[in-house]
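Please work through the exercises below with the sequence and the model open side by side. Each task is followed by a solution that goes step by step.

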Amino acid sequence: MRSRLPPDSNPLYGLRMTDSLPPVYARLTIDTDALAANWRRCGQQRPKAECAAVVKADGYGLGIDNVVPALSQAGCRTFFVAQIDEGIRVRKLAPDATIYVLSGLAPGHGDRFAANALRPALGSREELQEWSAFVAATGWQGGAALHVDTGMSRLGLRVDEARALVAEGELFKPSLLMSHLACADTPEHPLNARQFEAFTSVRSLYPDVPASLCNSYGTFLPAEIGYDLLRPGVALYGSNPLPGQPNPMQSVITLSAQVLQVRSVLPGEYVGYGATWTSRQPARIAMVAIGYADGYMRSGSSSDDFDSALAYVAGKYCLIAGRISMDMTAIDVTDLPAGTVKRGDWVELIGPHLPVDEVARRAGTIGYEILTSLGTRYDRHLAV
């Protein structure tokens, strides 16, 4: 993340060191300029298509209140959320935006969709019938998406159901036709082509309706899969939409934690729960104020037989020592010169030196889970 801070600022947090603050043990810095740049980068993949933004799960853990204004200012006019309450939050921040709710129409909640100008993604006969009845009774013309399942077997009408719907006479004209790719992160997977073919066949039944198929990974698939509306999500927040290739996205977050204590450990002594990590030499261990209660995953722990997560400390990569606990993590700083790390210093756990996908790989998971697991105890703020 590029520096835009005055010279008397802490480079990780963007606050002047003379500011009076309550104690902060872990901090999440969000670079909304990088977020906006990533949205524009996704849009450049399909210049003829509109680029929306998926901001579900509280903006992938970064906070809807942080990401929606930045994306709106960058030019985003369509947002996707998972639940009605998320949509209501987005509506307050983006009064003129188009907002789709991916989980569809909750039974009996048509009035909430209308009151907040939200559009459900309808994916079953029951939803279609209820929405049509609501529209007929109220005259609401706010629009809704038709969600078709082309091979993921999750939400959406089956392709044959969508065809039958047209043959029987449309219950409503959708404002968007959409489906979701199951294997877009594996470009060579044959299901991508099958889903594309199935979606194309359904789209022919709705020639005047905008169509949307591409998530973050799909946005970077071959051009013919583009359609009218892109739906990037995790790529906006810095995750790589091109597995195995250089990441075209900018780093958006920096997660850092404060050193509580630097302690000496003798050869043969253990560190952490379960005594899984044994010091093989005189060691210095920095205890930092972050753990799995903060979403820093326990699966990133190490042992005598397995090195896992890394931290970036004083310009060097250092290994996690032992099990990550609820509120604390041990970092082996033995190879740094004595006195380099001290109580009150800050270390990077996710950021420009430790991309979210690398942190996820070492924890045996994916960037989505790392981002959406970010805890509530962080001091969140925007880079300045």
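The exercises concern a predicted model, and they deal in turn with a pocket, with aromatic rings and with a loop residue.

**Exercise 1.** Describe the largest pocket by its volume, its lining residues and the helices that supply them.

*Solution.* Begin with the volume, which is about 750 Å³ for the largest pocket. Next, turn to the lining, which is made up of 36 residues, with His180, Asn215, Tyr217, Val234 and Tyr368 lying nearest the centre of the pocket. Sorted by class, this lining comprises 18 nonpolar, 11 polar and seven charged residues. Finally, assign the lining to helices: α2 (56–60), α9 (216–219), α10 (356–362) and α11 (367–372) each contribute at least two residues, and α10 gives the most, with four residues.

**Exercise 2.** Classify the ring pair of tyrosine 60 and tyrosine 237, and determine which parts of the chain the pair ties together.

*Solution.* A search of the whole structure finds eight aromatic pairs. For tyrosine 60 and tyrosine 237, the ring centres are 4.7 Å apart and the planes meet at 20°, so this pair is stacked, given that planes under 30 degrees apart count as stacked. Now place the two residues: tyrosine 60 belongs to helix α2, whereas tyrosine 237 lies in the loop between β11 (229–230) and β12 (253–265), and the pair therefore ties together parts that are 177 residues apart in sequence. Both tyrosine 60 and tyrosine 237 are buried. As a last step, follow the ring pairs further, and they link Tyr60, Tyr237 and Tyr368 into a cluster; Tyr368 is also one of the residues nearest the centre of the largest pocket.

**Exercise 3.** Carry out the corresponding analysis for tryptophan 131 and phenylalanine 134, and state whether each is buried or exposed.

*Solution.* These two rings form an aromatic pair with a distance of 5.6 Å centre to centre and 35° between the planes, and the pair is tilted. Both residues are found in helix α6 (residues 125–138), where they stand three residues apart, about one turn of the helix. Because buried means under 20% relative accessible area, tryptophan 131 counts as buried at 2%, and phenylalanine 134 counts as buried at 17%.

**Exercise 4.** Locate threonine 365 and list its contacts beyond its sequence neighbours.

*Solution.* Threonine 365 is placed in the loop between α10 and α11, and with a relative accessible area of 19% this residue is buried. Leaving aside neighbours within four places in sequence, threonine 365 is in contact with Met297, Ala360 and Ile370. The C-alpha atoms of threonine 365 and glycine 300 are separated by 9.4 Å, although the two residues are 65 residues apart along the chain.

Methods
Residues are numbered from 1 along each chain as its sequence is written. This is a predicted model: local features need pLDDT of at least 70, side-chain atom pairs count only at pLDDT 80 or more; totals for chains, interfaces and linings use all residues. Side-chain values use heavy atoms; hydrogens and water are left out. On a 1 Å grid over the protein atoms alone, a cavity is a set of points where a 1.4 Å probe fits but cannot get out, and a pocket is an open set with protein on both sides within 12 Å along at least five of seven lines; lining residues have an atom within 4 Å of a point. Grid points are joined across faces, edges and corners, and a volume is the space filled by probe spheres set on the points. Ala, Val, Leu, Ile, Met, Phe, Trp, Tyr, Cys and Pro count as nonpolar, Asp, Glu, Lys and Arg as charged, and the others, Gly among them, as polar. Rings of Phe, Tyr and Trp (its six-membered ring) pair if their centres lie within 6.5 Å; planes under 30 degrees apart count as stacked, over 60 as edge-to-face and the rest as tilted. Buried means under 20% relative accessible area, exposed over 50%, partly exposed in between (1.4 Å probe, protein chains only). Contact means heavy atoms within 4.5 Å.
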